[in-house]
Amino acid sequence: MKMHSLWGFFVATPLALTTASAFEFESPVRMMAGDHLVKVQSPGYAAPSWADVDGDGKKDLLVGQFSKGKIQVFPGKGDGSVGKGDWLKVDGKIVEIPGVW
Amino acid sequence: MDLNGDGHLDILSGSYSAREIKGMAGLFQVLWGSEKGFEKEVTPLKGSDGKPLLIGDPSNDDTMTDRICTRPTAVDWDSDGDLDLLVGNFKGSLFLFRGEGGGKFAPQSEDLKLAIEGYHSDPFCVDLDGDGDLDILSGSSNGGVQWAENTAGKGKEITVKGFKSLISEGSREPIWANQKAGPAGSTRVWADDLNGDGKLDILMGDSTTINSPAKGLSMEKVFLAEKEWEEKMLIMRTEMQNPSEDSKDQSKLRNEYNKLSRSRSEFLTSERTGFVWLYLGK
């Protein structure tokens, strides 16, 4: 993995996992979009998903949030890293999921 | 995911609670994809009876926490060839809407009698243990990731006994802006092979509060100010627990409490946010 470098002092703590040889994971790192942390607006509640929404054959990072039900899209580069994000829009209008505020 | 099988990606989301529903209930919302791109409007997912899908029995107020803070995922739960809807909720339990093909779902949900540790169940199906069938991952209000092993085998209806910890719970305490900190609470999970190395990776969203000194204050001054503030708050809370019978005094005390509470921002700023954590598969 080339990207997802740590930002300043936001170094991840060691991961505590249940021991299971079939599925082990590296220590967690915060996802980065270029030089910026992937984060959501107040009050938080980041909800990630991974799918090709722009149809370029590479999966992208979508991050939902509680505030106004908006979704950020970070274009995937094909190697697990992502570029600068923007709000999910349709015809230039930011998509908002009803039922959150 | 392609919810209706038309060859175009759809975006499926849960929600906290719809304003137009009597009582409280989180609808399932879809941004349908088509050959022209996504539709302009997000629309509630409906059952085959034409009504918006709701978990459980909407007439029973006692089960309200089954119906709010919903989190759906589409999966062929029973291996019949069409997508079913596995849904989480505020309570932390799981329900199923059987698929009827083409993006249609049975109007009534089935209680799977399955729950995570904590609130805010967040199901996502993936073959975690590599045995060929789909297991269930879930985030939680407690943080971390839990999983339930499917013991049925490939081609059979998903059968799980219960959830256990995969990634340990996170801290729900606020962090300082310059603090080394790991994942926090209120997690949402996704899994895929992000970097194409053939191993399953996990994405986990969280929710946290980041504190910073206000107005360029040193950390030392902030700690002192916070200690003094907490002592005053404790005194005032004690007074409020033993209120005067005079309503004017009570009102004055509430105003003073609110003023003191707000004064925290004079030495401390707090940002509520959430990050996305990546766990690369080894």
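Phe66(A) sits in the loop that runs between strand E6 and strand E7 (71-74) of chain A, in what is a predicted model. Setting aside neighbours within four places in sequence, Phe66(A) is in contact with Pro43(A), Gly44(A), Tyr45(A), Val100(A) and Trp101(A), and also with Tyr16(B) from the other chain. One of these partners, Trp101(A), is 35 residues away along the chain, yet the C-alpha atoms of Phe66(A) and Trp101(A) are separated by 6.6 Å.

**Chain A**

- Chain A has 10 strands and 0 helices, so that, read along the sequence, the pattern of this chain is β-β-β-β-β-β-β-β-β-β.
- Of the 101 residues in chain A, 48% are buried, and the accessible surface of the chain comes to about 4,900 Å², with 53% of that surface belonging to carbon and sulfur atoms.
- Among the contacts in chain A with a separation of 6 or more, 35% are accounted for by residues that stand 24 or more positions apart.

**Chain B**

- Chain B contains 3 helices and 19 strands, and its C-alpha atoms fill a box of roughly 65 × 50 × 40 Å when the box is taken along the principal axes.
- Buried residues make up 49% of the 282 residues in chain B, while the chain exposes about 13,900 Å², of which carbon and sulfur atoms supply 48%.
- Among the contacts in chain B with a separation of 6 or more, residues 24 or more positions apart account for 50%.
- The charged side chains of chain B number 33 positive and 48 negative, and the centres of these two sets lie 7 Å apart.
- Lys22(B) belongs to the loop between strand E1 (11-13) and strand E2 (29-31) of chain B, and with a relative accessible area of 80% this residue counts as exposed, because the cut-off for that class is over 50%.
- Computed along the sequence, Lys22(B) and Arg237(B) are 215 residues apart, and from C-alpha to C-alpha they are 36 Å apart in space.

**Nonpolar cores**

- The largest nonpolar core has 39 residues and draws on both chains, since the residues with the most contacts inside it are Leu61(A), Leu137(B), Leu166(B), Ile202(B) and Leu203(B).
- At least two residues of this core come from each of several strands, including strand E2 (32-33) and strand E6 (60-64) of chain A and, in chain B, strand E12 (122-126), strand E17 (185-192) and strand E18 (201-213).
- The strand that gives the most to this core is E19(B), with 5 residues.
- Apart from neighbours within four places in sequence, Leu61(A) is in contact with residues that include Met31(A), Val38(A), Pro48(A), Trp50(A), Phe74(A) and Val82(A) of chain A, as well as with Leu203(B).
- A second core, separate from the largest, has 14 residues, among them Leu85(B), Val87(B), Phe95(B) and Phe105(B).

**Where the two chains meet**

- The contact between the chains takes 57 residues from chain A and 56 residues from chain B.
- The size of an interface is often expressed as the accessible area that is lost when the parts come together.
- Between them, chain A and chain B bury about 4,800 Å², and 67% of this area lies on carbon and sulfur atoms.
- Within the area that chain A buries against chain B, Phe23(A), Phe25(A) and Arg30(A) supply 14%, which is more than any other three residues.

Notes. Residues numbered from 1 in each chain as written. Chains lettered and ligands numbered in written order. Predicted model: local features only at pLDDT ≥ 70, side-chain atom pairs only at ≥ 80, totals over all residues. Heavy atoms only, no water. Helix = DSSP H or I, 4+ residues; strand = E, 2+ residues; numbered from the N terminus. Buried < 20%, exposed > 50% of the residue type's maximum accessible area, 1.4 Å probe, protein only. Contact = heavy atoms within 4.5 Å. Areas by Shrake-Rupley, 256 points an atom, 1.4 Å probe, with all protein chains shown as cover. Lys, Arg positive; Asp, Glu negative; His and termini not counted. Charge placed at Lys NZ, Arg CZ, Asp CG, Glu CD. Core = buried A, V, L, I, M, F, W, Y, C linked by side-chain atoms within 4.5 Å. Buried area = accessible area lost by both parts, 1.4 Å probe.
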